[in-house]
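Colleague: I am new to this one. Could you walk me through how to read it?

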Amino acid sequence: MDGGHLPSYPDHAHGVPPQHRWQPICSPPRGLVAPVPLDPTGIAGPTRGQARGTAWRRTSRDCYVPAWVDSAIPEQRIVEAATLLPRGGAVTGWASCRWWGGSFFDGRRADGATLIPVPLCLGPGLHLRPRREVQFLRDRLDESEVAIRHGLACTTVHRGLFDAMRLAPDIREAVVAMDMMAAALLTSPARMQAYVSTRAGWPGVRRVRAALALSSHRSRSPNETRLRLIWELDAGLPRPLVNQPVWDRHGRLLGIADLLDVQAGVVGEFDGADHRGAARHSKDVEREQGFRDEGLEFFRVTGPDIRVRRRVIRRMLSARGRARWTIERDRTWTTAPAPGAGQEQTLDEYLDERDWWRSVDQQSG
């Protein structure tokens, strides 16, 4: 778990979720269609005959939505699965994280195509018939860990993330879940560690602890996290700085490095789909040249590369082999902010301040 400071989120500071598709916070769900039961009159729902036609789609428990409703939308999938919840149950795991505003919890595996079942926490003692589109959890669920948000019962931020990390297919994806909840400003690795300390003996808790030790609150996308884990776990290289601003000795910002190996002087960048445009590519090339002009070695990785780890490892080790390995006094670049730049706020400081203001608002309201 790294310490560091909070990356700049100017829109977040004003409570306005960014709308760019690659931003870590998503807007509250809108335009969703709640499943409805059969209605003999055909007013509040389909008649039995209408339900047999092509105009309606069955979701569960004899509930239906119009056929035009897109079930691939993560929030719509969650709403449809939630009709199975018993009293006291709640949506949890990735679905709860999404419902709280975690943009990158889209209900798909790392391949971007395979759907993940919607996790529903039923509490102990209740058994329902297995369904392909949902996953039932029967762990203890205290009333204090259930919240009604946007009209739906979901687990609290920490319980939802705990379940998402336990249910992840491997430790790397558990790290991704933690990093993306931190990126969405919903919690921090330190807060999650405090929560997990109360879950000794729970299934999957060891994986969660191990993932927290590898987490970083500075990662801004799942593939940035996956790139960092290849650097650490597969290439066996020292932990890099993440989304680290780099300046020249005159105080000019060279750029923000996705990964920075300070010792060797290596910058690693993940290029997602938003880097493909001509204007963005031109800026990337100019920024790379700026890093190189100051003696920093550079390597790039794309989405397809992430799936071929040996290719990424070779690129990392090659860049490190070319690096200058200059000592600090001989470098023309620095990670120290320019004089007068001000002190960045840590994520935990931000969360503490936000919680304080919310308590003030509640008391005054």
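Colleague: Let me start with a single side chain. Which residues does M192 touch, leaving out those up to four places away in sequence?

Modeller: Happy to help, and keep in mind that this is a predicted model. Beyond its sequence neighbours up to four places away, M192 touches H158, L161, F162, M165, M178, T187 and L212.

Colleague: Where does M192 fit in the wider picture of the nonpolar core?

Modeller: A nonpolar core joins buried residues through side-chain atoms within 4.5 Å. Here the largest one has 53 residues, and M192 is among those with the most contacts inside it, together with V91, L120 and M165. Helix α6, residues 171-183, gives this core its largest share, nine residues. Another core lies apart from it, with 18 residues that include L227, I230, I306 and M316.

Colleague: Now the backbone. Which value does phi take at H150?

Modeller: Phi of H150 is near 50 degrees, which is positive although the residue is not glycine. You will find H150 in the loop between β7 (146-149) and β8 (152-155).

Colleague: And N243, where does that residue lie?

Modeller: N243 is part of strand β9, residues 241-248. Its phi is positive too, near 45 degrees, and again the residue is not glycine.

Colleague: Is N243 buried or exposed?

Modeller: The cut-off for buried is under 20% relative accessible area. N243 has 8%, so N243 is buried.

Colleague: How is H150 classed by accessibility?

Modeller: Partly exposed covers the range between 20% and 50%. H150 has a relative accessibility of 43%, so H150 counts as partly exposed.

Key: Residues are numbered from 1 along each chain as its sequence is written. This is a predicted model: local features need pLDDT of at least 70, side-chain atom pairs count only at pLDDT 80 or more; totals for chains, interfaces and linings use all residues. Side-chain values use heavy atoms; hydrogens and water are left out. Helices (H or I, at least four residues) and strands (E, at least two) are DSSP runs, numbered from the N terminus. Buried means under 20% relative accessible area, exposed over 50%, partly exposed in between (1.4 Å probe, protein chains only). Contact means heavy atoms within 4.5 Å.
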